[in-house]
Each structure stands twice: as structure tokens, then as C-alpha cells.
Amino acid sequence: MNVRKRITIVVLANAAFTLAVLLVAPTVGSTPIALSRVFDQSMPWESNVDAQIFFVARLPRVLSGALVGAALAAAGVVLQAMLRNPLATPFTLGVSAGGALGAMIAIALGLDVGVLGVTSVPIASFIGSLVAIAIVYGLATSQKRGLSTNVLLLAGVTLNSFFSALILFVQFIADFTQAFRAVRWLMGDLDVGSYSPIVAALPFLVCAFAVFAILPRTLNLLTLGEDVAAARGVEVVTAHRWAFFSASLATGAAVSLGGPIGFVGIIVPHLVRLMVGSDHRVVLPAAALFGAAFTVLCDLVARTIIAPLELPVGIITALIGGPFFLWLLVKKS
Amino acid sequence: MALSEKVLNTKDTKDTKNNYLNTSAAKRGLAFGRKHVLAFRKVFFVPFVSFVLFLGATTQPEPHRIVSLVPALTEMLFAIGAGPQVVGVSSYDKFPTDVQSLPRVGALLDPDTERILSLKPDLVITYGSQVDLQTQLQRASIATFDYRHGGLDHILVTLRQLGRRTGRMKEAETVATGIEARINAIKSRVAGKPRPRTLLVFSRDPRALRNIYVSGGSGFLHDMLVTAGGQDVFGDVKRESVQATTETILARSPDVILEIRPDDIPAGKELDEEMATWARLASVPAVRNKRVYFITGQQMTVPGPRVVEGIERMVRALHPPAVK
């Protein structure tokens, strides 16, 4: 009863904060807009600049920021618990590197195959992520002893460096305007330009979050050790499999949407743990919500601080997230 | 000097007095030497430099074998009649068609020094940032002509410099004055006309409003736009390139959108799709009034002698009745 109450309070508080951020973020930007004009139905769409800035420029950005942030933060929580490694991030298991390689290839080859309003780069990135997931999973299960988290971790880390080398190779052989685009993609960009990429990423994110919803109790037991978890009735291999696939799917979809935005997947889970303890029933939903708010706020800074120019959001997440996390770490210990 | 002191110090560590004497004697000697060097410099430096400059100005021979790593300058060389001397070009050179049969020697980021040397050039045209390559070539006693992109004026300045360097001053002057005359004709044609507020896009993700790079208030693209009688909506941002978001484009509401591409867009489906992409920004006057133009071709992106053709094409889009 007490625990349930705590969960409800923490999650509601985080939800309120995130909601507030999501409501305020689209109203703030480099150009002042009036909300009364945004929702003024009497003005024709073609001449309502405020409404267009709100619906065409800002809302897709805020939504993609929220989705990417929630997915990366939640995936970070799941992977840290599953691998029992506080340094694990959504990018540890090579999924994002696969996604990045896919995007690099699409950019370097100048691929131009759009499907339903989604351009080639996000599609190629998502395919790259899926390939990476398949390789890592194949390696981790190859020893016929179920799913080895050690092999998973090592294979992931190795695949990361291997893909990074391939990324450098692709960038090197590309035209330098394309190489610049590729480097820019790696810094993360939430200005998705339309709703289509968001809609395309949504089904995968919904699937991943559906799995996240049933994971917390198992994750609590897994953090105590595989033997303890098995003794308490957890099917360890099955649990690992679900955790790996859901976290990887969320990461792949998030990376295809906004690029590999760093730090969110490691800072937010730890921040949330420092604030609310280590019970995954609280940490997982709170991290997802806080991750959404954090990313949207970072993007808000990125698009306003040197307006009309803008900074890549990945730089802001690192600049804000890093020192803040260190401060909290020192203060707590 | 540091080394000699160290040697002196370790030579006799027991007898400190002797050591001190040794060191100070050495220092005096060194100071003496330095004084001489300084005096030598004072007396000889200025005449020496002038002599080197004099040598450089008079005995710099006309190059017979030129390698160009900058496409814009390759075009200039051919325009002033130095084409036959060009023996190697960068991997991005496409114009004039004569370059297609020439050996490729890499480009800005990956110049192939070995290949350049094997062509036995007596002049290599490098980009200003290729410092390593320049030192390597100097070591091989090969002259370089270092160039950096600048504004529209800089194209004419470079053209004349290149003429002087290759002994084709007259030809370069003819080409430069020809370009100037055409630019002046354009200027008088658009003078007094209202200047449409223009967004000049030079890079964008295909079929999406992502990664839109536009011209800011400096560089040759900006100068081309201003010469063609347009007003750059990002002219206040003093950079050559600006990553524009959909928000800033909506807020700055350009009257005309000019999108330039080095390669042609096939008319029909692809062009329609690219037009439809811009249609998402319905409140922008350029979109409402169907004044989104794609201008394709290398003359738009290479700051060489064809730049004036690019400006003329911009004028056709910005001031439709001005040119027939």
C-alpha cells in the first residue's frame, strides 16, 4: 500500500512536470507568437503565420523530442538493470552505431527512397539498428546457454567500435558536403520537419513501451543477481530477451527519429535514481517522463540560445547533463 | 642552447665554482653570438627580404605544368587561355569538358601528394587551408598559388592574380572586364526595382524540410543574390552558411525562395515532389505566390568565371520581366 502510494505520487509529480514542459515548449522560440492567433479558427491557414510556426515548426519538434527522450531514458534504465552495469547506455549494445551506419550509408550514397513521407535517412538508420540487434543477439545466443549478458555486453561494445570504424570509412569516401551532413546527423537534430517520421516511429515505440510496462518487477529481481531472480521464479533468459529487444527497439526508433542524442540515456536514469531510489516500478516510468521533459528543454535551449542560428541538441544535452549529474553525484555522496 | 647548458652542468658536478665559471663563460659566448646574429639581422634583414621579394617578383617563371585543386580556379585558367598548361585537376572538376581527360589528384581534404609530384608540376593551385600540402610542395621546390573563397569581388581579384602569375595578364583582364561589364549591366537593369526578400537555399535533405542550409550575409552566394536585385532574408547573420529551421523561415516569410543545386532535377514527378515539400510552409509568401524556383547547374555553386551566368539566372527568377 505504502509503495503503491509512493509510486503514484512520484509518477504523478513527474507527469505533471513533463506535461507542463510539453505545454510551454511549443509556445517559446526564436519568434514570439500569440496563442490567441494560433487557435484562431477564423483566420485562413495560409495567412496564419503564428499557427504555422506552432503546428508546422514547433509541435513536431517538441513531440519528437519527448518521444526520443522518453525512449532513450527508459531504454537506459532497462539496460542498466539487465546488464547490472551502471555505465550501460542505450548506445552500449551497438544498436545506435548500427543506426548511425545505416544513416551514413544513406547520406553518402544519396539514397532517395521515401516511403509515406519518411525520407531515406531515418529508414536506413532504423534498418541499420535492426541489423545490429540481430547480430548482437545472434552472438549472445550462439553458445546455446540461453542469452549471455556478458557476451551481449562484449559483442555490443565490439560492434560499436567496428561500426564506428565503418562510419569513418563511409564518411571518408563520401563527398565532403555529404560528410558534413553525416557529421551533423551524429550531433542529433529534432527538427524533423513534418509529422510523418514521428508517426512512423510511433508503432515501434508503443511496442517497446508496452514491454517496459511489464518489466519493472522482473528488473528489480534481476538487479539482485540472476541466481536470486531465478530462485524467486523469474525466467531469466526470457526476461533478458524481452528486456534486450524492447530496449533495442526503443533505441533504434529514437535514433532514427532524432539521431544519436547522447547523455540522455545515462544521465536521466541516474538522476531519477538519485531522486527516487532504485525501485524500478518508480524509476522506469519516472525516467521515461523526466527524459521526455529533459530532452524537450535541451532542444528549447538549442533552438533559442543563439537564434536565429541553432546549436545541435546533442551538444546541449551533454553540456547541461554532464555538470548537473556530477554536481548531484558529489552532493549525494 | 638548452642542450649545451645541460652538458656543461653535468661535466663537472663536484667543482661547482669551476662549473659556474664554465657556464657563465658559455653564456657570455652565446650572448656574444646572439648579439652578432641580431646585428646581422638588423643590418641585413630588410635588404634580404626585399631581395627575395625582388627575386620572387621578377624571376617567378611562367608555369608550364599546372595542377589545380580548386575547380573554380581551373575554370579561370581555361577562361584566360592557360588551359593547355593544366596537367591535373581535383576530383570535383567538371568544367570545361577538357578536364574530363585530365588526371585527378584528389581534392580539398584528400590531395594525393604522390600523384601531384608525379605530374611534375611547376605550379600547384591549392586551397588556403591545405597547409600540409603547401609545405610538402615547398620542400619539393614547387610553387603554389593559395586561394580562399571570398565574395564576388574576390573572384575578379583572383582572376587577375592568376593572369599575372601565369603570364596571361591581357587575357585575364579581358575576361575580368567582360564579367564586370555583365555585372554592371545586371546592376543597372535591377536598379530602382523593388528588391524581393529572398531565401537562398543551397542544401537540403531530399523531399523533406530538414537540414536546410541557406546563405547568410557573407560569401559569394550572398553577393550574387544582392547583385541580382534580391534582399537576403538571412543577410543579418554574418556567416556564409546558416542552418535554417522551418520556424525561422516561417518567421522571416521570404517573398521568393531560390533553391540552387549543382545537379539537375528531372522535371516531372521529382520536381513536383520537391515543390510539394515547400508547400508545407503555406503562409510563406513565396509559397503562396508560387515563387519557389529551383536553379540548377554548377555555375551556381562554383565561384569561377561562370558566376555571372548564375547571377543572370537569379535575375530571371527575381525580376521576371527584366530579362527575356
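This note sets out, in numbered points, the main features of a predicted model with chains A and B.

1. Overall make-up of chain A. The secondary structure of chain A consists of 14 helices and zero strands. Read from one end of the sequence to the other, the pattern is therefore one of α elements throughout: α-α-α-α-α-α-α-α-α-α-α-α-α-α. Chain A has a radius of gyration of 20 Å, close to the 20 Å that the globule rule gives for 333 residues, so chain A is as compact as a globular protein of that length. Along the principal axes, its C-alpha atoms fill a box of roughly 65 × 55 × 40 Å.

2. Burial and contacts in chain A. Of the 333 residues in chain A, 51% are buried. When contacts between residues at least 6 apart in sequence are considered, 76% of those in chain A join residues at least 24 apart.

3. Helix H11 of chain A. This helix covers residues 236–258, which makes 23 residues. At 1.5 Å a residue, H11(A) should span 33 Å, and its end C-alpha atoms are indeed 33 Å apart, so the two values agree. H11(A) is mostly covered, since 17 of its 23 residues are buried. A student may find a general point helpful when viewing any such element: an α-helix has 3.6 residues a turn, so residues three or four places apart point the same way. Just after H11(A) comes A:Gly259, which takes a positive phi of about 80°.

4. A:Val234, ahead of H11(A). The residue A:Val234 lies in the loop between helix H10 (226–231) and H11 of chain A. Is A:Val234 buried or exposed? A:Val234 has 20 C-beta neighbours inside 10 Å and a residue is buried at 20 or more, so A:Val234 counts as buried. Leaving out residues up to four places away in sequence, A:Val234 touches A:Thr218, A:Leu221, A:Leu222, A:Ala229 and A:Ala239. By contrast, A:Gly94 is 140 residues away from A:Val234 along the chain, and the C-alpha atoms of the two are separated by 27 Å.

5. A:Val192, a second loop residue. A:Val192 is found in the loop between helix H7 (176–186) and helix H8 (196–214) of chain A. It is buried, because 25 other C-beta atoms lie within 10 Å. Which residues does A:Val192 contact, leaving aside its neighbours within four places in sequence? They are A:Pro60, A:Arg61, A:Ser64, A:Pro197, A:Ile198, A:Leu257 and B:Arg210, the last of which belongs to chain B. From A:Val192 to A:Pro285 the C-alpha distance is 25 Å, and the two residues are 93 apart in sequence.

6. The interface between the chains. In total, 29 residues of chain A are in contact with 25 residues of chain B. On the side of chain A that touches chain B, the elements giving two or more residues are helix H3 (49–82) and H7 of chain A. The largest share, six residues, comes from H3(A). The residues on this side of chain A divide into 10 nonpolar, 11 polar and eight charged.

7. Overall make-up of chain B. The secondary structure of chain B comprises 12 helices and 10 strands. Of its 324 residues, 37% count as buried. Among contacts in chain B between residues at least 6 apart in sequence, 55% join residues at least 24 apart.

8. The parallel sheet of chain B. Four strands of chain B form an open sheet in the order S2-S1-S3-S4, with parallel pairing. Its edge strands are S2 (86–89) and S4 (143–147), each of which pairs on one side only. Neighbouring strands of this sheet are turned by 20° against each other on average, direction ignored. Strand S1 (residues 66–68) of chain B pairs with S2(B) over three bridges, and B:Ser68 stands opposite B:Val89 in S2(B). Helix H3 (residues 71–79) of chain B packs on the sheet and touches S1, S2, S3 (123–127) and S4 of chain B. The direction of this helix makes about 140° with that of S1(B).

9. Antiparallel pairing in chain B. Strand S5 (residues 197–203) and strand S6 (residues 212–215) of chain B pair in the antiparallel sense over two bridges. In this pairing, B:Ser203 stands opposite B:Tyr213 in S6(B). S6(B) is also joined by four bridges to strand S8 (residues 241–244) of chain B, again antiparallel. Here B:Ile212 stands opposite B:Ala244 in S8(B).

Notes:
Residues are numbered from 1 along each chain as its sequence is written. Chains are lettered from A and ligands numbered from 1 in the order in which they are written. This is a predicted model: local features need pLDDT of at least 70, side-chain atom pairs count only at pLDDT 80 or more; totals for chains, interfaces and linings use all residues. The radius of gyration is taken over C-alpha atoms; the globule rule is 2.2 Å times the number of residues to the power 0.38. A residue is buried if 20 or more other C-beta atoms lie within 10 Å of its own, exposed if 12 or fewer, and partly exposed in between; C-beta atoms are placed from the backbone. Two residues are in contact if their C-beta atoms, placed from the backbone, lie within 7 Å. Ala, Val, Leu, Ile, Met, Phe, Trp, Tyr, Cys and Pro count as nonpolar, Asp, Glu, Lys and Arg as charged, and the others, Gly among them, as polar. The expected span of a helix is 1.5 Å times one less than its number of residues. Two strands pair if DSSP finds at least two bridges between them. Axes are lines fitted to C-alpha atoms, for helices over the stretch in contact, and angles run from 0 to 180 degrees between N-to-C directions.
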